[in-house]
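Hi everyone, thanks for making time. I have one model to walk you through today, so let's put it on the screen and then go through it piece by piece.

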Amino acid sequence: MLLGEEEQFLSYNGEVLIFHLSKTKHVEGVADKTTNLCVRRMVFDRDTKLFVQKSSGVFNMRASHLKIEIVCCSCTMDSRTGIILPCILMKKKKRNNVVKYLLLLLHSSNQFEQSFHFKLDYEMKEDIRLFTGPSVLWRHASKLFYISSDTCTVLSAPVQLSSVVWTGEIEDEGTVVLGIRTACLPESEDEDEFSTSDRAIWGREFFGYAVETQKMLTGTCFMPHAYSRVVSSVYVCKNEILKKQLRISLVAITHKNQLIWFQDGLPKGVCELPYEKPCSVKTAVTSSNGLLFIVSFASGNICVVQRRDSLQVASKWQKVKSVLVDDFIGSGSEQLLLLFKDDSNTDVLSTFRITDLGEVNYASDINYKRDVPTVEGLQENGLLTVQALETRLQAGCTSVRELQQHLRLKKRVILESCRALIDLVEERTHILPTAKKVKCKREGLVSLWDDVENPPHSLTKETSLASKIPEHFIEKLWQRVVGDSLVVGVKLTESFYLSLSDVSLSLVMDQDFSLISPIIKCRNKIIKLNKAFSALSVSSCQIEPPPKKMKLDLHSKNDLKKEFPKRCSRVRLDGAKTVIAVTNLSPLLAFHHVCCIVLLHAKKQNRQNDSLQESKKITVLCGKILLNLEDISNEKYSIKMLRDNNYFTGSLEDIVAVLAVSVRFSFQIMSSDCTLTPVNSWLLGEMECIPFKECHDNMFCHKAGNVYGTVFNWTLKNPFEGVLTLFCRNLTVLFQCLHSLTRFLPPRCDVKLLRSGSKGVLTEQLALALEKEILTLRSSFFSKESKAENSLTWGNEPGKKISDSPVASLLDSEEGVQQFRKKLQNEREECVLSMNQTMNGALYQKIAFKIAEAQLSSDMIVWRLI
């Protein structure tokens, strides 16, 4: 904010705060002794396209013989709560050249709080900055002074400087002041020679000063000292510590009317500014144009510089009173609010423009009434909507009946497939039902195989594939009992697992039961635990929406994986080697003693690129597991978690079994009032969580009751936002945990269930999938035509042309008309035959599979996005 303005503007959480001073009305016989600091909260109404007042507040100050002014205002963090609040610095001029300064905080209730006050024997005029604390920093007589709410005492930094170009937060350093001073050449020979000569030539240097630690930072990590004579203001865009080195990205404006981009102390780009005397620069992150740099000039002009391949001026405006950056329309990204000078109107928000240099563009001089539809149009649209909904409802009822019939048919196919699977495992020849036998059924089911006497070719193909499987492909076959669930795990060798895709397990009872299906219903998961246990995730093999059962296996599938690397689960094949099957235990215990065959289903990759399919399905016998009541009663397969000091330790199988029977839920927790430190206290205290020794980020709940065995993972993105992931057995446990958590969370805390993926990422993936679908359709029906000329047979004779006889000569007589009719009929028949083309079966199958695969990919992303 500029010094000495009558009104001060500040953006805060999408609102525009307007601060101004006013005196109370004069009463006869009573001296005017009170000055009010008033604030108005203005918000943008997207319906009227105008700013409206949301609320207001007043702070009374006694000022009988004092002159009160607003020095500056900014948004700074209150160190007591960790919340960013509007902060206003006030000045009271007293007699005897004594100036009193007052720092105020504005809360959401429009109540002003006096943070601290101090007195000086001079006025602050140079490089006044507000920063975390709240704290005030200024420059006077080539010295740096600052005061904070913690000390309430004016302190002087042991540095001499000519200007302050930036103040902000640096990782691991706290609040840092970047300034320019006279070069201090080192006497030792250990300093960098280039930096020393650079400072000696220019006589000035950049330096950083950490306020909290009183530590000096090297200025060359910001920019070379050669720019110390021309740089007037700096904005640090990004700072981080990589490999114990400070990496900084910043922009600087110079007296030469330039904006320069620096990366790790080196210039990476420059842009000529359209106006003279630039005074400040700040950034905005928009949805359409990314990172923008807003440069303000002393003349009241504004320009925006866009950084893509190079720095370029994207737009510019003149006679701007103030420019603010915030999310004023609530779109989730930032916009620019330009307040223009208008002497004819006293309302400061009467002439404005909101823009992000893209789709968002609101201005006070645009009439939006023409965009509002009429009442008659709305009624007509409503009628059409109702008719469309009725049609969709009727189509939905028809689809339900078709699905019911399909389910009956599907049940019979599954039972027959179970019998075929058992025969395959026991190396017996399966006799398929004949079409005549099945056609007499009411559903009209027919055989899916050819009615031949010889065994199906698929069985011999499976046998040939099985011979290529390595003998020692299984490292371990194990089982665990967790509650009412049986967990069966197969750990594969890494070399064998990397050659597979779509891996799953099946459990088949070894006993011969005629009344029930021998296939045990189970769900499959893949558990990813790397060697250091630093990453943990659980993924279900079924990633498609429930109605989707079609599995495509084309040579083009590799292309889709390259374009959509996140389309499937988060588990990558090179990091997961344990395949899990989970089933209910109680139905199996009804037989007292059960022997189950464990089968591994997968697709073994084929390296032949010219083939239609990239892999072939295989079924591998992994072994057998035995279950009986005696072993379960003796807790032979139970989970054994041991406590080692302040950590839990257990075998890999125990940890994997706990995760396999759990359901994963992730919640985004955000607090607007206080930091989220109570969450960690809740985990360690109320929930009695103990971290795994191998993975400290994941904690095992040791509290007695239903919540015992729940696994928590708490990731804190920033002090006000974090992600809590729960691996719990059922929804009852989830609700118990959430009920306990809400009692410890700060007031007005927002808890949101996260989807299976980021909405922005899924939207981008959907756009790519739709583009892939369109390109597949176009290439299949147009570009393939030239390649399929040898496979296409046309109905008309090649080279035959329609007669070009003059029409007038044929129409002179009745015989000519009959002849013309006959020729016209022949030409119509030839035209129809030319359109009736046939296509080679293999080519048609290839095209159909490509189209279906592209459509299936986009459908799955839409299902995750809903």
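**Starting at the N terminus**

Let's begin with one pair: Gln-8 stands opposite Phe-19 in β2. A quick word on what you are looking at: this is a predicted model, where local features need pLDDT of at least 70, side-chain atom pairs count only at pLDDT 80 or more, and totals for chains, interfaces and linings use all residues. Residues are numbered from 1 along each chain as its sequence is written, and side-chain values use heavy atoms, with hydrogens and water left out.

Back to that pair. Strand β1 covers residues 7-12 and β2 covers 15-23; the two run antiparallel and are joined by 6 bridges. For the labels, helices (H or I, at least four residues) and strands (E, at least two) are DSSP runs, numbered from the N terminus, and two strands pair if DSSP finds at least two bridges between them. The hairpin of β1 and β2 has 2 residues between the strands, and Asn-13 there takes a positive phi near 55°. On we go to β3, residues 34-45, which runs antiparallel to β2 with 8 bridges between them. One of the matches is Val-16 with Met-42 in β3.

**The whole protein**

How many helices and strands are there in the protein? There are 15 helices and 45 strands. Of the 866 residues, 41% are buried, where buried means under 20% relative accessible area, exposed means over 50%, and partly exposed is in between (1.4 Å probe, protein chains only). The accessible surface comes to about 49,700 Å², and carbon and sulfur atoms hold 52% of that; these areas come from the Shrake-Rupley method with a 1.4 Å probe, and for residues only the protein chains shown count as cover. On contacts (heavy atoms within 4.5 Å): among those between residues at least 6 apart in sequence, 55% join residues at least 24 apart.

**An open sheet**

Next, please find the sheet with strand order β13-β14-β15-β16, an open one made of 4 strands with antiparallel pairing. The edges are β13 (163-170) and β16 (215-218); each has a single partner strand, so one side of each is left without a neighbour in the sheet. Direction ignored, neighbouring strands here are turned by 30° against each other on average, with axes being lines fitted to C-alpha atoms, for helices over the stretch in contact, and angles running from 0 to 180 degrees between N-to-C directions. Inside the sheet, β14 (174-182) and β15 (204-210) run antiparallel and share 7 bridges. Val-177 stands opposite Tyr-209 in β15.

**Some backbone oddities**

Now for my favourite part. Most residues other than glycine have a negative phi, and most peptide bonds are trans. So where do we find a cis bond? The peptide bond from Gly-133 to Pro-134 is cis, with omega near 0°, and Pro-134 sits in the loop between β9 (126-131) and β10 (135-140).

Asp-264 has a positive phi of about 55° without being a glycine. This residue is in the loop between β19 (258-263) and β20 (266-272), and it counts as partly exposed because its relative accessibility is 26%. Lys-277 also shows a positive phi, near 60°, in the loop between β20 and β21 (278-286). Is Lys-277 buried or exposed? At 61% relative accessibility, Lys-277 counts as exposed.

**Into the core**

In soluble globular proteins, nonpolar side chains tend to be buried together. A nonpolar core here is a set of buried Ala, Val, Leu, Ile, Met, Phe, Trp, Tyr and Cys residues joined through side-chain atoms within 4.5 Å. The largest one has 29 residues, and those with the most contacts inside it are Leu-486, Leu-492, Leu-500, Val-598 and Leu-600. At least two of its residues come from each of β30, β31 (500-509), β35 (578-584), β36 (593-605) and β37 (615-628). Leaving out residues up to four places away in sequence, Leu-600 touches ten-odd neighbours we can click through, including Leu-492, Phe-496, Ile-618 and Cys-622. Separate from this is a second core of 22 residues, which includes Cys-689, Met-699, Trp-714 and Leu-745.

Strand β30 spans residues 485-492, and Ser-485 lies in it. Ser-485 counts as buried because its relative accessibility is 14%. With the same sequence neighbours left out, its contacts include Arg-480, Val-582 and Val-661.

**Cysteines to finish**

How many disulfides are there? Taking a disulfide as a pair of cysteine sulfur atoms within 2.5 Å, the count comes to 0. Cys-622 is buried at 13% relative accessibility, while Cys-397 is partly exposed at 40%. Thanks, everyone!
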